[in-house]
Amino acid sequence: MSKFDAVFEGGGAKGVAFVGALEVLLQHGHTLRRCLGTSAGAITATLLAAGYTTQEMMAAVMERQPDGTPRFSSFMDVPAATDFSEAVRANSATMLALREVHLPFVPSLLENQIENDLLDRLLRNSIYARLFSFIECGGYFSGHTFLEWLREKLLVKGIQPDDTLADFARKKGADLSVVASDTSDMEMLVLNSRTSPNVPVAYAVRMSMSIPFVWQEVIWQEGWGTYLGRQKTGNTVVDGGLLSNFPIRLIADTGDEIRAIMGDTDPAGAGNLGLLIDETLAVPGAPDTAKTPLPMTRLRTVQRLSRLIDTMMGAADNDEVRRHASEICRLPAKGYGTLEFGMQGERLDAYLAAARAAMTQHLTARGLL
């Protein structure tokens, strides 16, 4: 039996593979000391650190909505008109365009009212609301449903909706880090109880999984305090995969900068384990194709974006991957999509089985099975 510091790669819906791999790892008595993740990997790392078993995580994967569709598919949620503040509406491209369309013989005060009413009506349309959200908030989907889901799951383990990373570490005694990207200061953020103790844990994960142009950007709030002592209030934060989708160096290296972020942890106290979603490896029993399913939506722009996201998320931290190849378990994901949140049935079963087989092979190669 071994103890590991584990890093989980980002990959959107493809992150369900982690559950299958972890089943094998934990069934053989291995344990985790530190959990680090980006995007979907941040979700897995957080649930593990909160105390979820693989059985409980599998139950979450298998949850269904009243109409029988996977609950994960609800994460692609349509923004509500009430999601947009007066400031966002007033300064939006839509309002600027409406103001340039002068209505003859209509008083200015009445014209302003007509413009506001028209925008309000447009935002009640699901297609327009997503387009507006994309232009003004950086993503087609609001991300509120995911945030509510995560808070619900954390509450089961005693983590309150507004508990911070410091609260989480105190309650769980767990070393959790999630990676996000600050596009205002153009830097990678490693969010944990040392670097950003006042950030709510649910929002830390929400920032980490905010795939650009898919989910709305997150704006750092004043109440979240500083990051490594530096102000971030008002900064825009998105998915950690933008800068490092597989940050294995944070657990494998021990320089002063990394110790400041990850803590002064004994490097000999645990082995390194990377869980990498590998889009070049075919899933046995699934069609051997490089093409991934498109999201079920009438918006062709979202479908185009899905292809771009699959490409972006598939680009690993290549130098680090090569350097730590023997410590990385590659999980087959060829033909599976980053936004394939409706995955179910035989397709899901084959995907999880491939992950279990990959972990079995990896542990065998390391003499740990």
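This dialogue goes through strand β4, residue L191 and the largest pocket of a predicted model.

Colleague: How is strand β4 placed, mostly covered or mostly open?

Modeller: The strand spans residues 175-182 and is mostly covered, with eight of its eight residues buried.

Colleague: Which residues point one way from β4, and which the other?

Modeller: D175, S177, V179 and S181 point one way, while L176, V178, A180 and D182 point the other way. Residues on both sides are buried.

Colleague: Which sense does the pairing of β2 with β4 have, parallel or antiparallel?

Modeller: Strand β2, residues 31-38, pairs with β4 in the parallel sense, over five bridges. One position to look up is C35, whose bridge partner in β4 is L176.

Colleague: How many bridges join β4 to β5, and how many join β4 to β10?

Modeller: For β5, residues 187-191, there are five bridges, and the two strands run antiparallel. V179 of that pairing stands opposite V190 in β5. For β10, residues 236-239, there are three bridges, again with an antiparallel run. There, S181 has V238 as its bridge partner.

Colleague: What lies between β4 and β5?

Modeller: The two strands form a hairpin, with four residues between them. In the turn, M186 has a positive phi of about 55 degrees.

Colleague: Why does L191 count as buried?

Modeller: The cut-off for buried is under 20% relative accessible area. L191 counts as buried because its relative accessibility is 0%. This residue is found in strand β5.

Colleague: Which residues does L191 touch, leaving out those up to four places away in sequence?

Modeller: Among them are L176, S177, V178 and A180, which belong to β4. Others on the list are L165, S196, A204, M207, W220 and Y227. For A180, eleven residues from L191 along the chain, the C-alpha atoms of the pair are separated by 7.4 Å.

Colleague: Turning to pockets, how is empty space found?

Modeller: A probe the size of a water molecule is rolled over the atoms, and this shows where empty space is left. Here, the largest pocket holds about 390 Å³ of space. Its lining has 18 residues, and those closest to the centre are H144, Q216, E217, V218 and I219.

Colleague: Which elements give two or more residues to that lining?

Modeller: They are the helices α7 (126-137), α8 (144-156) and α10 (201-208), together with strand β7 (218-219).

Colleague: How do the lining residues of the largest pocket divide into nonpolar, polar and charged?

Modeller: Eight are nonpolar, six are polar and four are charged.

Note on methods: Residues numbered from 1 in each chain as written. Predicted model: local features only at pLDDT ≥ 70, side-chain atom pairs only at ≥ 80, totals over all residues. Heavy atoms only, no water. 1 Å grid on protein atoms, 1.4 Å probe; cavity = no way out; pocket = protein on both sides within 12 Å on 5 of 7 lines; lining within 4 Å. Points joined across faces, edges and corners; volume = space filled by probe spheres on them. Nonpolar A, V, L, I, M, F, W, Y, C, P; charged D, E, K, R; others polar. Buried < 20%, exposed > 50% of the residue type's maximum accessible area, 1.4 Å probe, protein only. Pairing = 2+ DSSP bridges. Contact = heavy atoms within 4.5 Å.
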